[in-house]
Amino acid sequence: MTQAPRRKRDSAATKEALLQAASELFTERGFSATTVRDVAARAGVNQALLFRYFGSKQELFAAVLTRNNEQVIAELSAEELPRQLLINLLDSAEPNGEHPLVAMLRSWSDERAAEMLRGELGDRYTERLAELTDADDARLRADLVLAWVFGIGMVRSVLGKSPLSEADPEVIVRYVTRAASALLERTDLSDDR
């Protein structure tokens, strides 16, 4: 394995290098096959720094997921978000067949996984999706779409339930985005009677 050159001390750069290395290795190998030693080596830092900044492999994984999802939220318009979130969940099985949702659920206690989905990621997605509708219950509608998308990811990738697990991802995306757009539509106040 090639090792990155040593860098001068800069905590922000070190954290970013660890996140980048971890993201690459989790994608290449999956959560279980990625070691903290390999992440540190790829980042060109001492493994102790990984524990200093992230505490554990599980927390590093959470930071990678948060960072990657923050990028998706920042880069996409609210209109593009439901489709891209669904595509990411459908296409994110790792080379060893492990889906990030499986790794997340197995890696943390149920409480940590729930906390991450409810707070760190869930609230940000809900806020962005709620921008798509002017309905009084916009956050509820956004949460319904979010729950549906994550549920589809769980049933397809974690449970492997047929026929969803064998369905063409484009078909799933077409059906779900059509239904999500109806749920998140703008209301036309001129039609109220």
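User: Happy to look at this predicted model with you. What percentage of the 193 residues in the chain is buried?

Analyst: Glad to help! A residue counts as buried when its relative accessible area is under 20%. Across the 193 residues of this predicted model, the buried share comes to 41%.

User: How many helices and strands does the chain have?

Analyst: Reading along the sequence gives the pattern α-α-α-α-α-α-α-α-α. In the contacts between residues at least 6 apart in sequence, 67% join residues at least 24 apart. The secondary structure count is nine helices and zero strands.

User: How much area does the chain expose?

Analyst: Carbon and sulfur atoms supply 52% of the exposed area. The total for the chain is about 10,700 Å².

User: Let's go inside. Which element gives the most residues to the largest nonpolar core?

Analyst: That core has 26 residues, and Leu 86, Tyr 125, Leu 129 and Val 149 touch the most other members. The elements giving two or more residues to it are H4, helix H5 (81-91), helix H7 (110-130), H8 and helix H9 (169-183). With seven residues, the top contributor is H8. Another core lies apart from it, with 19 residues, among them Ala 21, Ala 43, Leu 60 and Phe 61. So the name you asked for is H8.

User: Which residues does Leu 129 touch, leaving out those up to four places away in sequence?

Analyst: Leu 129 is one of the four residues that touch the most other members of the largest nonpolar core. With residues up to four places away set aside, its contacts are Leu 81, Pro 82, Ala 142, Val 145, Leu 146 and Leu 184.

User: Is Trp 148 buried, partly exposed or exposed?

Analyst: Trp 148 sits in helix H8, residues 138-158. Not counting residues up to four places away in sequence, Trp 148 touches Val 176, Ala 179 and Ala 180. Its C-alpha atom is 9.6 Å from that of Leu 86, which is 62 residues away along the chain. Because its relative accessibility is 38%, Trp 148 counts as partly exposed.

User: Arg 156 is in helix H8 as well. What is its relative accessible area?

Analyst: Leaving aside neighbours within four places in sequence, Arg 156 is in contact with Leu 90, Lys 161, Leu 164, Ser 165, Glu 166, Ala 167, Pro 169 and Ile 172. Arg 156 counts as buried because its relative accessible area is 12%.

User: Which two residues does a cis peptide bond join?

Analyst: The proline of this bond is found in the loop between H8 and H9. Omega is about 5 degrees for the bond, which joins Ser 162 and Pro 163.

User: Which backbone oxygen lies 2.6 Å from a polar atom of the side chain of Lys 57?

Analyst: Lys 57 is in helix H4, and it is buried because its relative accessible area is 18%. Not counting residues up to four places away in sequence, Lys 57 touches Phe 26, Phe 31, Ser 32, Thr 34 and Val 36. The backbone oxygen at 2.6 Å belongs to Thr 34.

User: Which residues form the aromatic pair that a search of the whole structure finds?

Analyst: The search finds one aromatic pair. Its arrangement is edge-to-face, with 5.1 Å centre to centre and 90 degrees between the planes, and the partners are Phe 26 and Phe 61. The pair links helix H1 to helix H4 across 35 residues. Both rings belong to buried residues, Phe 26 and Phe 61.

User: Which helices do the buried residues of H2 pack against?

Analyst: In helix H2 (residues 36-43), the buried residues are Val 36, Asp 38, Val 39, Ala 40 and Ala 43. Just after H2 comes Gly 44, with a positive phi of about 75 degrees. The buried residues of H2 pack against helix H1 (11-29), helix H3 (47-54) and helix H4 (57-75).

User: What does the UniProt record say about residues 35-54?

Analyst: The end C-alpha atoms of this span lie 14 Å apart, and the span is 80% helix and 0% strand. At the start of H3, a side-chain oxygen of Asn 46 reaches to within 2.6 Å of the backbone nitrogen of Ala 48. H3 is followed by Gly 55, with a positive phi near 85 degrees. According to the unreviewed UniProt entry, residues 35-54 carry the annotation "DNA-binding region".

Note on methods
Residues are numbered from 1 along each chain as its sequence is written. This is a predicted model: local features need pLDDT of at least 70, side-chain atom pairs count only at pLDDT 80 or more; totals for chains, interfaces and linings use all residues. Side-chain values use heavy atoms; hydrogens and water are left out. Helices (H or I, at least four residues) and strands (E, at least two) are DSSP runs, numbered from the N terminus. Buried means under 20% relative accessible area, exposed over 50%, partly exposed in between (1.4 Å probe, protein chains only). Contact means heavy atoms within 4.5 Å. A nonpolar core is a set of buried Ala, Val, Leu, Ile, Met, Phe, Trp, Tyr and Cys residues joined through side-chain atoms within 4.5 Å. UniProt positions are given in the numbering used here, feature names are shortened, and annotations may be inferred rather than shown by experiment. Accessible areas come from the Shrake-Rupley method with a 1.4 Å probe; for residues, only the protein chains shown count as cover. A polar contact is a pair of N or O atoms within 3.5 Å; within protein, one must be able to donate a hydrogen and the other to accept it, and residues adjacent in sequence count only if both atoms are side-chain atoms. Rings of Phe, Tyr and Trp (its six-membered ring) pair if their centres lie within 6.5 Å; planes under 30 degrees apart count as stacked, over 60 as edge-to-face and the rest as tilted.
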